[in-house]
2 protein chains.
Amino acid sequence: MGEFDLIARYFKRPTRQAALGIGDDCALLQPTPGCQLAVSCDMLVQGRHFFADVDPRTLGHKALAVNLSDLAACGAKPLAFTLALALPEVNEAWLEAFSQGLFALADRHGCELIGGDTTAGPLNICITVFGEVPVPGGRSQALLRSGAKAGDDLYVSGTVGDARLALDVRLGKLCLPAEAPAMMAASAPSNTAAATSAPISELSQVLDFAHARLETPTPRVALGLALRGVATSAIDVSDGLLGDLGHILERSRVGASVDADEAIKSIASYAYFKRSKGQYFINLSSEQWRTLALAGGDDYELLFTAPPAQRDAVQAAALTSQTPVRRIGQIDTEPGLRVVDAQGHLLPNRYKSFDHFA
Amino acid sequence: MGEFDLIARYFKRPTRQAALGIGDDCALLQPTPGCQLAVSCDMLVQGRHFFADVDPRTLGHKALAVNLSDLAACGAKPLAFTLALALPEVNEAWLEAFSQGLFALADRHGCELIGGDTTAGPLNICITVFGEVPVPGGRSQALLRSGAKAGDDLYVSGTVGDARLALDVRLGKLCLPAEAPAMMAASAPSNTAAATSAPISELSQVLDFAHARLETPTPRVALGLALRGVATSAIDVSDGLLGDLGHILERSRVGASVDADEAIKSIASYAYFKRSKGQYFINLSSEQWRTLALAGGDDYELLFTAPPAQRDAVQAAALTSQTPVRRIGQIDTEPGLRVVDAQGHLLPNRYKSFDHFA
């Protein structure tokens, strides 16, 4: 199959919103009057952002999800995207699954593929995504990193740390003591299975959830839209919560205090760990749980700030977007980042974010 | 050096046109009222689009040039671009030179870098470029592949085939009989050098020119803008002239006749070959010259159509944009592509375009 057949078969679809889609030198977008165009770009490299044996369907999802997450953090409504793809070979089953995962998420957000490029090369997926933000009366409604004010509450959406837990299990950095019984559950005599079936099935669900957080993250687009006019600043958590918070602090020229023990309650696996009292799960220390929450990475949740006067509005945004949010700290006048425990004691900040070159 | 230092040092510059540039989750573009946004995306892979030992300055130029060429083919005015970069390592000298080559071309076209991504990985450069096209009275001035009409003249800009000649010399597919004397010229006794100095210095210039066509192509942005309202269709020649013409024919549902012997006059090296009577240059057959012109690739010239009534307007566009254009054929009602020689005799069409997966 040639390059143009490949595009026609797996990626070309009728455009509904764009003035012109795939098939010319350029795509053409007709911007909505009174809107700004929000643009973001993420490149995913095999062995760096995903394993070589990843399910191509989830890879198609994730490649777009991490880009939509940037639109969410900006409060932009998804519109369209371009896809550049370097492929080591033409594998039709791979392309079929990849494009299905990609378009399933794209359709859910009304975000259409308008152009791109395909080439031979080491597997590399580069998506550039476009969204719109209203600018009523010349004032952009875009959520920026630069708007946090001293006294603002600090929130994080959904769950953090679970993606990293799944990654560490996959890399063998964390071992599941319950893995043996979990394995047994499938093949064991029914009396053995019965003895442990409840916690094992729950463990399996928790691990599946963590794995799904790693492979098919949920871009918080609806929350981002609902936070327009409510949040003072926002960023998506991709490299680790505290590292990404650092970008807000730098751009807003403020400091922050983060309650690490409140943050770990956002780890879905942690709730299970507490319920199972460590019996059927990895027995992590508080410090390890804090590291997962504060420096996990690959979460694609929204970290945002809003004044205390907007607490009801934040809860309303969470409700209308059906996205849990948790208040985990506040913005301070004093520069720097302070991590405290549940008792308010200062903790050493050892939570380093991911850096491709550090 | 970490990821964010790298971006700050080599790629972050104040934005002049964009509402928001590098440093947030999204960049923000404020579209000019009454304009469409033209979007294109090209990915360059080491070993596929460029040699590992390429000068990073010319690579920076070329990565943007091939994208600007798509805007040119659309008649769009360059506005901004995003850059995603996978780097095997942080090499500061490489980054310095790459960014210099990139920004030198960007500045020449008033096209600013507004965002992107950096990651570790096999060297890969993905640029998405944005331009604007006026839509007066709801009619887009974009040049499309789909507008060619039977009876239209077919033109190509600048020079074609020279980039491929340089590539074939580099790959050892073509050998220079004059290479030995050219080498001698630098170190030979002055009497030997004097005997051959005139043609050798010209040969060297021609080869330098061909090499420059390969490594630092000129996007025909000014010509594209000047052809708005004049050309009925356009495409940029990247995979080979006839292959790219095929896209116009397919989208416009027309056929074409191309004068191969007129097309080879667009090869700059051919003019030198004719003057030197083959004595100081590669002695190629007519068929080889035709292949260079019609299936060379990597030319980034504009191939476009315009009605005969617009011949003066095409010449005026060529003059104002200071870009030579040559009429090399015409659009026919009869489907298919006919290649003819100077005498109008039909030639077999063996001119296959580049395809990454064919």
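This passage walks through a predicted model of two chains, from its confidence to its domains, its sheet and its interface.

Residues are numbered from 1 along each chain as its sequence is written, while chains are lettered from A and ligands numbered from 1 in the order in which they are written. Because the model is predicted, local features need pLDDT of at least 70 and side-chain atom pairs count only at pLDDT 80 or more, whereas totals for chains, interfaces and linings use all residues.

A good place to start is confidence. The model scores ipTM 0.90 and pTM 0.91. For chain A, the mean pLDDT (the predictor's confidence in each residue, from 0 to 100) is 90, and 91% of the residues reach 70 or more. One stretch of chain A calls for caution: over residues 179-198 pLDDT stays under 50, and the model has 10 contacts beyond four places in sequence for these residues. Two residues are in contact here if their C-beta atoms, placed from the backbone, lie within 7 Å.

The domain assignment, whose bounds come from an automatic or database source, divides chain A into domain 1 (3-138) and domain 2 (145-166 + 217-347). Their centres, taken over C-alpha atoms, are separated by 28 Å. Between the two, 14 residues of domain 1 of chain A are in contact with 15 residues of domain 2 of chain A. On the domain 1 side, H2(A) gives the most, with 10 residues. By class, this side holds 8 nonpolar, 3 polar and 3 charged residues. In this count Ala, Val, Leu, Ile, Met, Phe, Trp, Tyr, Cys and Pro are nonpolar, Asp, Glu, Lys and Arg are charged, and the others, Gly among them, are polar.

Next comes the sheet. Helices (H or I, at least four residues) and strands (E, at least two) are DSSP runs, numbered from the N terminus, and two strands pair if DSSP finds at least two bridges between them. In chain A, 7 strands form an open sheet with mixed pairing, in the order S7-S9-S6-S10-S8-S11-S12. Strands S7 (233-237) and S12 (346-347) of chain A each have a single partner strand, so they stand at the edges with one side lacking a neighbour in the sheet. S7(A) runs antiparallel to strand S9 (residues 301-306) of chain A, and 5 bridges join them; Asp236(A) has Leu302(A) as its bridge partner in S9(A).

Two helices of chain A lie across this part of the sheet. Helix H2 (residues 56-74) of chain A crosses S7 and S9 of chain A, at about 165° to S7(A). Helix H8 (residues 241-252) of chain A lies across S6, S7, S8, S9 and S11 of chain A, at about 155° to S7(A). These angles run from 0 to 180 degrees between N-to-C directions, with axes fitted as lines to C-alpha atoms, for helices over the stretch in contact.

Finally, the two chains meet. A rotation of 180° with 0.0 Å of shift along its axis superposes chain B on chain A, with RMSD 0.0 Å, by least squares on the C-alpha atoms of residues with pLDDT of at least 70 in both. The two copies are therefore related as by a two-fold rotation axis. The same surface serves both, as 100% of the contact residues of chain B recur in chain A. In all, 57 residues of chain B are in contact with 57 residues of chain A. S2(B) provides the largest share of the chain B side, 9 residues, and that side has 31 nonpolar, 15 polar and 11 charged residues. Strand S2 (residues 35-45) of chain A and S1(B) run antiparallel, joined by 3 bridges, with Ala38(A) opposite Leu28(B).
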